[in-house]
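Visitor: Could you walk me through how to read the cysteines and the ligand surroundings here?

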Amino acid sequence: MHVYISGAGPVGLAAAIALAGRGYRVTMADRAAGITNEARAVGVNRNSLVLLSPSGAAAEIMARATLVRTARVMEDDRRLTELTIPGQKRRLPTLVALAQGETERVLLDIVQRHGIEVLWNFETTGLAETADGVTATLTHRTTGETREIRADYGFGADGSHSAVRRLLGIAMSERMVDGTWSVADAHCETPWRNEACAVLSRVGAVGFFITIGGGRYRLISNRPDVLTLASRHMTVKDVLQEGTFTVGLRVAEVMGKGRVAIGGDAAHTHSPVGGRGMNLGIADAFAFAEAVEDRDLAAYRAARLGDAQKTVALTDRAYRMLSTTNPMGLIARNAALKTAGFVTGLIG
Ligand SMILES: Cc1cc2nc3c(=O)[nH]c(=O)nc-3n(C[C@H](O)[C@H](O)[C@H](O)COP(=O)(O)OP(=O)(O)OC[C@H]3O[C@@H](n4cnc5c(N)ncnc54)[C@H](O)[C@@H]3O)c2cc1C
(Lines give C-alpha, C1' and ligand atoms only; values in the text may rest on other atoms or scores of the structure.)
Protein backbone atom coordinates (compact mmCIF):
# COMPACT_ATOMS: atom_id res chain seq x y z
CA MET A 1 0.00 0.00 0.00
CA HIS A 2 1.38 3.41 -1.02
CA VAL A 3 -0.04 6.73 0.25
CA TYR A 4 0.74 10.24 -1.01
CA ILE A 5 0.57 13.04 1.61
CA SER A 6 0.41 16.68 0.52
CA GLY A 7 1.83 18.87 3.31
CA ALA A 8 4.41 18.15 6.01
CA GLY A 9 2.95 20.25 8.80
CA PRO A 10 2.07 18.52 12.07
CA VAL A 11 -0.93 16.74 10.54
CA GLY A 12 0.89 15.42 7.46
CA LEU A 13 3.80 14.27 9.62
CA ALA A 14 1.43 12.57 12.08
CA ALA A 15 -0.29 10.79 9.17
CA ALA A 16 3.09 9.60 7.86
CA ILE A 17 3.93 8.18 11.30
CA ALA A 18 0.55 6.45 11.59
CA LEU A 19 0.85 4.93 8.09
CA ALA A 20 4.52 3.94 8.42
CA GLY A 21 3.69 2.31 11.76
CA ARG A 22 1.28 0.06 9.84
CA GLY A 23 4.01 -0.79 7.34
CA TYR A 24 2.68 1.32 4.46
CA ARG A 25 4.86 3.17 1.97
CA VAL A 26 4.56 6.97 2.15
CA THR A 27 5.58 9.75 -0.23
CA MET A 28 5.15 13.28 1.09
CA ALA A 29 5.79 16.75 -0.31
CA ASP A 30 5.64 20.26 1.10
CA ARG A 31 5.76 23.56 -0.74
CA ALA A 32 7.91 25.13 2.01
CA ALA A 33 11.67 24.71 2.31
CA GLY A 34 11.39 23.11 5.77
CA ILE A 35 9.59 23.10 9.08
CA THR A 36 7.71 26.21 10.24
CA ASN A 37 9.06 28.47 12.92
CA GLU A 38 5.90 30.53 13.02
CA ALA A 39 4.33 31.16 16.41
CA ARG A 40 1.30 28.88 16.19
CA ALA A 41 0.15 25.91 18.28
CA VAL A 42 1.50 25.49 21.76
CA GLY A 43 -0.76 22.93 23.47
CA VAL A 44 -0.45 19.20 22.85
CA ASN A 45 -3.36 17.41 24.52
CA ARG A 46 -3.66 13.93 25.99
CA ASN A 47 -5.47 12.47 22.99
CA SER A 48 -2.56 13.46 20.72
CA LEU A 49 -0.08 12.02 23.23
CA VAL A 50 -2.04 8.73 23.33
CA LEU A 51 -2.02 8.50 19.52
CA LEU A 52 1.67 9.44 19.27
CA SER A 53 2.78 7.16 22.08
CA PRO A 54 3.48 3.88 20.18
CA SER A 55 5.87 5.67 17.79
CA GLY A 56 7.88 7.17 20.67
CA ALA A 57 6.86 10.71 19.64
CA ALA A 58 4.81 11.33 22.81
CA ALA A 59 7.81 10.57 25.05
CA GLU A 60 10.02 12.89 23.00
CA ILE A 61 7.43 15.68 23.06
CA MET A 62 7.01 15.33 26.83
CA ALA A 63 10.78 15.39 27.37
CA ARG A 64 10.90 18.82 25.70
CA ALA A 65 7.54 20.24 26.81
CA THR A 66 6.33 22.05 29.92
CA LEU A 67 3.61 20.47 32.02
CA VAL A 68 0.80 23.01 32.40
CA ARG A 69 -0.18 22.44 36.04
CA THR A 70 -2.11 25.61 36.83
CA ALA A 71 -3.58 28.53 34.96
CA ARG A 72 -4.19 31.94 36.46
CA VAL A 73 -7.35 33.73 35.31
CA MET A 74 -7.57 37.52 35.53
CA GLU A 75 -10.40 39.90 34.79
CA ASP A 76 -8.47 43.01 33.82
CA ASP A 77 -6.17 43.64 36.82
CA ARG A 78 -8.21 41.52 39.26
CA ARG A 79 -7.28 37.90 39.93
CA LEU A 80 -10.44 35.91 39.27
CA THR A 81 -9.31 32.38 40.02
CA GLU A 82 -6.53 29.85 39.64
CA LEU A 83 -7.35 26.62 37.81
CA THR A 84 -5.60 23.36 38.47
CA ILE A 85 -5.56 21.34 35.24
CA PRO A 86 -6.79 17.87 36.21
CA GLY A 87 -5.00 14.69 35.17
CA GLN A 88 -1.51 16.19 34.99
CA LYS A 89 0.02 13.42 37.13
CA ARG A 90 -0.93 10.66 34.69
CA ARG A 91 1.78 9.10 32.53
CA LEU A 92 0.19 10.85 29.56
CA PRO A 93 -1.05 14.17 30.96
CA THR A 94 -4.03 16.31 29.94
CA LEU A 95 -1.93 19.08 28.38
CA VAL A 96 1.69 19.96 27.76
CA ALA A 97 3.06 23.13 26.16
CA LEU A 98 5.59 23.01 23.35
CA ALA A 99 6.11 25.40 20.42
CA GLN A 100 4.62 23.91 17.22
CA GLY A 101 7.98 24.04 15.41
CA GLU A 102 9.53 21.85 18.12
CA THR A 103 6.64 19.38 17.97
CA GLU A 104 7.08 19.22 14.20
CA ARG A 105 10.83 18.60 14.61
CA VAL A 106 10.10 15.58 16.84
CA LEU A 107 7.57 14.24 14.31
CA LEU A 108 9.90 14.83 11.34
CA ASP A 109 12.70 13.00 13.10
CA ILE A 110 10.49 9.92 13.55
CA VAL A 111 9.26 10.16 9.94
CA GLN A 112 12.88 10.15 8.78
CA ARG A 113 13.70 7.19 11.03
CA HIS A 114 11.03 5.32 9.05
CA GLY A 115 13.06 6.10 5.92
CA ILE A 116 10.57 8.67 4.58
CA GLU A 117 12.10 11.80 3.04
CA VAL A 118 9.93 14.90 2.66
CA LEU A 119 10.09 16.42 -0.84
CA TRP A 120 10.54 20.02 0.36
CA ASN A 121 9.84 22.87 -2.10
CA PHE A 122 7.46 20.65 -4.09
CA GLU A 123 3.81 21.66 -4.16
CA THR A 124 0.85 19.58 -5.19
CA THR A 125 -0.45 21.08 -8.43
CA GLY A 126 -2.55 18.24 -9.84
CA LEU A 127 -4.54 15.27 -8.65
CA ALA A 128 -6.34 12.62 -10.68
CA GLU A 129 -8.17 9.53 -9.52
CA THR A 130 -7.67 6.35 -11.54
CA ALA A 131 -9.56 3.05 -11.29
CA ASP A 132 -7.25 1.71 -8.59
CA GLY A 133 -5.41 4.72 -7.20
CA VAL A 134 -4.48 8.38 -7.44
CA THR A 135 -1.87 10.29 -9.39
CA ALA A 136 -0.53 13.47 -7.85
CA THR A 137 1.46 16.03 -9.82
CA LEU A 138 4.12 17.93 -7.88
CA THR A 139 5.85 21.07 -9.10
CA HIS A 140 9.10 22.44 -7.69
CA ARG A 141 8.57 26.03 -6.57
CA THR A 142 11.79 27.45 -7.96
CA THR A 143 12.97 25.14 -10.74
CA GLY A 144 9.53 24.26 -12.11
CA GLU A 145 10.51 20.55 -12.24
CA THR A 146 7.43 18.31 -12.17
CA ARG A 147 7.02 14.81 -10.76
CA GLU A 148 4.14 12.35 -10.88
CA ILE A 149 3.43 10.19 -7.86
CA ARG A 150 1.14 7.18 -8.28
CA ALA A 151 -0.32 5.94 -5.01
CA ASP A 152 -3.23 3.89 -3.72
CA TYR A 153 -4.59 6.72 -1.55
CA GLY A 154 -3.99 10.44 -1.03
CA PHE A 155 -4.18 12.69 2.05
CA GLY A 156 -4.42 16.48 1.85
CA ALA A 157 -2.78 17.93 4.97
CA ASP A 158 -1.76 21.10 3.18
CA GLY A 159 -3.25 23.69 5.50
CA SER A 160 -6.08 26.21 5.34
CA HIS A 161 -5.41 27.12 1.67
CA SER A 162 -5.26 23.41 0.77
CA ALA A 163 -4.50 22.69 -2.89
CA VAL A 164 -5.91 19.16 -2.47
CA ARG A 165 -9.23 20.55 -1.22
CA ARG A 166 -9.34 22.93 -4.18
CA LEU A 167 -8.37 20.21 -6.69
CA LEU A 168 -11.13 17.97 -5.32
CA GLY A 169 -13.61 20.86 -5.68
CA ILE A 170 -14.63 20.76 -2.02
CA ALA A 171 -16.30 23.91 -0.68
CA MET A 172 -15.95 25.23 2.87
CA SER A 173 -18.41 27.08 5.05
CA GLU A 174 -16.78 30.17 6.45
CA ARG A 175 -17.52 32.77 9.10
CA MET A 176 -14.86 35.20 10.26
CA VAL A 177 -14.41 36.03 13.94
CA ASP A 178 -14.30 39.84 14.14
CA GLY A 179 -11.03 41.68 14.21
CA THR A 180 -7.30 41.17 14.00
CA TRP A 181 -5.64 38.86 16.50
CA SER A 182 -1.99 39.08 17.53
CA VAL A 183 0.63 36.61 18.63
CA ALA A 184 4.17 37.00 19.95
CA ASP A 185 6.93 34.93 21.50
CA ALA A 186 8.97 36.73 24.13
CA HIS A 187 11.21 36.15 27.10
CA CYS A 188 9.14 37.28 30.07
CA GLU A 189 9.38 37.50 33.83
CA THR A 190 6.13 36.90 35.65
CA PRO A 191 5.10 37.80 39.19
CA TRP A 192 3.23 34.45 39.34
CA ARG A 193 4.28 30.79 39.24
CA ASN A 194 1.52 29.46 36.94
CA GLU A 195 2.43 28.00 33.57
CA ALA A 196 -0.45 29.79 31.86
CA CYS A 197 -2.48 32.94 32.36
CA ALA A 198 -5.74 34.04 30.75
CA VAL A 199 -6.53 37.74 30.93
CA LEU A 200 -10.18 38.52 30.29
CA SER A 201 -11.95 41.87 30.36
CA ARG A 202 -15.42 43.37 30.55
CA VAL A 203 -15.06 44.89 27.07
CA GLY A 204 -14.40 41.78 24.97
CA ALA A 205 -10.58 41.72 24.95
CA VAL A 206 -8.91 38.40 25.82
CA GLY A 207 -5.27 37.38 26.12
CA PHE A 208 -3.51 34.09 26.78
CA PHE A 209 0.08 33.80 27.99
CA ILE A 210 1.56 30.29 28.00
CA THR A 211 5.09 29.25 28.90
CA ILE A 212 6.97 27.46 26.12
CA GLY A 213 10.15 26.77 28.11
CA GLY A 214 13.45 28.57 28.59
CA GLY A 215 11.72 31.64 30.07
CA ARG A 216 9.82 32.13 26.79
CA TYR A 217 6.09 32.80 26.61
CA ARG A 218 3.64 32.50 23.73
CA LEU A 219 1.34 35.52 23.95
CA ILE A 220 -1.98 35.54 22.05
CA SER A 221 -4.80 38.08 22.02
CA ASN A 222 -7.96 38.80 20.06
CA ARG A 223 -6.70 42.40 19.81
CA PRO A 224 -3.84 43.55 17.50
CA ASP A 225 -1.51 44.57 20.40
CA VAL A 226 -0.81 41.56 22.60
CA LEU A 227 2.51 43.00 23.80
CA THR A 228 0.75 46.03 25.32
CA LEU A 229 -1.71 43.74 27.11
CA ALA A 230 1.04 41.38 28.30
CA SER A 231 3.15 44.27 29.61
CA ARG A 232 0.41 45.12 32.08
CA HIS A 233 0.75 41.70 33.70
CA MET A 234 4.39 40.66 33.29
CA THR A 235 7.79 42.04 32.35
CA VAL A 236 8.22 41.48 28.64
CA LYS A 237 11.96 41.37 27.88
CA ASP A 238 13.22 40.59 24.38
CA VAL A 239 10.55 39.83 21.78
CA LEU A 240 11.54 36.87 19.60
CA GLN A 241 8.78 37.14 17.02
CA GLU A 242 5.41 38.79 16.62
CA GLY A 243 2.61 38.88 14.10
CA THR A 244 -1.10 39.24 13.51
CA PHE A 245 -3.68 36.84 12.12
CA THR A 246 -7.38 36.58 11.45
CA VAL A 247 -9.57 33.75 12.65
CA GLY A 248 -12.02 31.97 10.37
CA LEU A 249 -14.50 29.35 11.51
CA ARG A 250 -14.40 26.95 8.58
CA VAL A 251 -15.49 23.38 7.99
CA ALA A 252 -15.22 21.58 4.65
CA GLU A 253 -18.52 20.31 3.24
CA VAL A 254 -16.94 16.84 3.05
CA MET A 255 -13.61 15.43 4.33
CA GLY A 256 -12.50 14.07 0.96
CA LYS A 257 -13.67 12.33 -2.18
CA GLY A 258 -13.00 8.84 -3.52
CA ARG A 259 -9.49 7.71 -2.63
CA VAL A 260 -8.37 11.10 -1.30
CA ALA A 261 -9.13 12.50 2.17
CA ILE A 262 -8.37 15.87 3.70
CA GLY A 263 -7.49 16.56 7.35
CA GLY A 264 -6.20 19.23 9.72
CA ASP A 265 -6.52 22.89 8.71
CA ALA A 266 -7.28 21.75 5.15
CA ALA A 267 -10.64 20.57 6.50
CA HIS A 268 -11.36 22.84 9.49
CA THR A 269 -10.12 25.98 11.25
CA HIS A 270 -11.28 27.83 14.33
CA SER A 271 -10.03 30.23 17.03
CA PRO A 272 -6.98 29.28 19.12
CA VAL A 273 -9.22 29.19 22.22
CA GLY A 274 -8.84 25.73 23.72
CA GLY A 275 -5.74 24.97 21.63
CA ARG A 276 -7.58 22.36 19.58
CA GLY A 277 -6.59 22.93 15.90
CA MET A 278 -3.41 20.89 15.65
CA ASN A 279 -4.74 18.29 18.08
CA LEU A 280 -7.91 17.82 16.04
CA GLY A 281 -5.75 17.43 12.93
CA ILE A 282 -3.54 14.81 14.60
CA ALA A 283 -6.71 12.85 15.41
CA ASP A 284 -7.70 13.12 11.70
CA ALA A 285 -4.27 11.77 10.70
CA PHE A 286 -4.57 8.63 12.80
CA ALA A 287 -8.21 8.09 11.78
CA PHE A 288 -7.13 8.34 8.13
CA ALA A 289 -4.45 5.66 8.60
CA GLU A 290 -7.04 3.39 10.22
CA ALA A 291 -9.45 4.01 7.32
CA VAL A 292 -6.71 3.11 4.81
CA GLU A 293 -6.12 -0.12 6.70
CA ASP A 294 -9.88 -0.85 6.56
CA ARG A 295 -10.06 0.30 2.88
CA ASP A 296 -12.97 2.49 4.05
CA LEU A 297 -12.46 6.22 3.55
CA ALA A 298 -16.22 6.79 3.79
CA ALA A 299 -16.01 5.90 7.50
CA TYR A 300 -13.24 8.50 7.90
CA ARG A 301 -15.29 11.17 6.15
CA ALA A 302 -18.36 10.55 8.31
CA ALA A 303 -16.61 10.29 11.70
CA ARG A 304 -14.16 13.13 11.28
CA LEU A 305 -16.65 15.63 9.82
CA GLY A 306 -18.85 15.20 12.90
CA ASP A 307 -15.87 15.74 15.20
CA ALA A 308 -14.75 18.83 13.27
CA GLN A 309 -18.23 20.38 13.39
CA LYS A 310 -18.52 19.70 17.13
CA THR A 311 -15.06 21.15 17.90
CA VAL A 312 -15.57 24.29 15.81
CA ALA A 313 -18.95 24.87 17.53
CA LEU A 314 -17.47 24.20 21.00
CA THR A 315 -14.51 26.55 20.57
CA ASP A 316 -16.79 29.22 19.11
CA ARG A 317 -19.15 29.00 22.12
CA ALA A 318 -16.16 29.13 24.48
CA TYR A 319 -14.67 32.14 22.66
CA ARG A 320 -17.97 34.02 22.72
CA MET A 321 -18.34 33.24 26.42
CA LEU A 322 -14.80 34.41 27.27
CA SER A 323 -15.15 37.61 25.25
CA THR A 324 -18.70 38.49 26.29
CA THR A 325 -19.59 42.07 27.21
CA ASN A 326 -23.12 41.24 28.36
CA PRO A 327 -23.52 41.92 32.14
CA MET A 328 -25.34 38.59 32.76
CA GLY A 329 -22.85 36.81 30.48
CA LEU A 330 -19.97 38.20 32.54
CA ILE A 331 -21.45 36.75 35.74
CA ALA A 332 -21.98 33.36 34.05
CA ARG A 333 -18.46 33.41 32.56
CA ASN A 334 -16.76 34.21 35.85
CA ALA A 335 -18.73 31.46 37.63
CA ALA A 336 -17.97 28.86 34.92
CA LEU A 337 -14.26 29.66 35.05
CA LYS A 338 -14.13 28.68 38.70
CA THR A 339 -14.87 25.06 37.76
CA ALA A 340 -12.23 22.77 36.28
CA GLY A 341 -14.91 21.16 34.06
CA PHE A 342 -14.98 24.19 31.78
CA VAL A 343 -11.30 23.89 31.02
CA THR A 344 -11.11 20.12 30.57
CA GLY A 345 -14.18 20.17 28.32
CA LEU A 346 -12.47 22.76 26.16
CA ILE A 347 -8.98 21.21 25.96
CA GLY A 348 -10.45 17.83 24.92
C1 LIG B 1 -1.73 31.81 17.09
C2 LIG B 1 -2.16 30.37 16.93
C3 LIG B 1 -2.18 29.55 18.04
C4 LIG B 1 -2.56 28.22 17.92
N5 LIG B 1 -2.56 27.44 19.05
C6 LIG B 1 -2.89 26.13 18.94
C7 LIG B 1 -2.75 25.25 20.08
O8 LIG B 1 -2.35 25.64 21.17
N9 LIG B 1 -3.08 23.95 19.90
C10 LIG B 1 -3.51 23.47 18.70
O11 LIG B 1 -3.81 22.27 18.63
N12 LIG B 1 -3.61 24.26 17.60
C13 LIG B 1 -3.30 25.58 17.68
N14 LIG B 1 -3.34 26.37 16.57
C15 LIG B 1 -3.75 25.81 15.28
C16 LIG B 1 -2.60 25.06 14.61
O17 LIG B 1 -1.48 25.89 14.42
C18 LIG B 1 -3.06 24.47 13.28
O19 LIG B 1 -4.31 23.85 13.48
C20 LIG B 1 -2.06 23.47 12.73
O21 LIG B 1 -0.89 24.10 12.29
C22 LIG B 1 -2.66 22.70 11.55
O23 LIG B 1 -1.71 21.81 11.06
P24 LIG B 1 -1.79 21.31 9.54
O25 LIG B 1 -0.67 20.34 9.39
O26 LIG B 1 -3.17 20.89 9.22
O27 LIG B 1 -1.56 22.62 8.67
P28 LIG B 1 -0.26 23.54 8.58
O29 LIG B 1 0.44 23.61 9.89
O30 LIG B 1 -0.72 24.82 7.96
O31 LIG B 1 0.69 22.76 7.56
C32 LIG B 1 0.33 22.65 6.21
C33 LIG B 1 1.58 22.35 5.40
O34 LIG B 1 1.20 22.17 4.03
C35 LIG B 1 2.13 22.84 3.19
N36 LIG B 1 1.47 23.16 1.92
C37 LIG B 1 0.60 24.15 1.63
N38 LIG B 1 0.19 24.07 0.35
C39 LIG B 1 0.82 22.99 -0.19
C40 LIG B 1 0.79 22.38 -1.48
N41 LIG B 1 0.05 22.87 -2.50
N42 LIG B 1 1.55 21.28 -1.68
C43 LIG B 1 2.34 20.77 -0.68
N44 LIG B 1 2.40 21.33 0.57
C45 LIG B 1 1.63 22.41 0.81
C46 LIG B 1 2.57 24.06 3.99
O47 LIG B 1 3.83 24.54 3.57
C48 LIG B 1 2.59 23.50 5.42
O49 LIG B 1 3.85 23.00 5.78
C50 LIG B 1 -2.96 27.71 16.65
C51 LIG B 1 -2.95 28.53 15.52
C52 LIG B 1 -2.55 29.85 15.66
C53 LIG B 1 -2.53 30.74 14.44
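Visitor: How many disulfides does a search of the whole structure find?

Guide: A disulfide is a pair of cysteine sulfur atoms within 2.5 Å, and in this predicted model a search of the whole structure finds zero of them. Cys188 is in no disulfide, the nearest cysteine sulfur being that of Cys197, 11 Å away. This is a predicted model in which local features need pLDDT of at least 70 and side-chain atom pairs count only at pLDDT 80 or more, while totals for chains, interfaces and linings use all residues. Residues are numbered from 1 along each chain as its sequence is written, and side-chain values use heavy atoms, with hydrogens and water left out.

Visitor: Is Cys188 buried or exposed?

Guide: Buried means under 20% relative accessible area, exposed over 50%, and partly exposed in between, with a 1.4 Å probe and protein chains only; Cys188, at 8%, is buried, and Cys197, at 3%, is buried as well.

Visitor: Which polar contacts does the ligand make with backbone atoms?

Guide: A polar contact with the ligand is a pair of N or O atoms within 3.5 Å. Among them, a ligand nitrogen lies 2.9 Å from a polar backbone atom of Gly275, and a ligand oxygen is 2.7 Å from one of Met278.

Visitor: Which residues surround the ligand most closely?

Guide: Counting a residue as near if one of its heavy atoms lies within 4 Å of the molecule, 33 residues surround the ligand, the closest being Asp30, Gln100, Thr124, Asp265 and Met278.

Notes: Polar contact = N/O pair within 3.5 Å; in protein donor to acceptor, adjacent residues only side chain to side chain.
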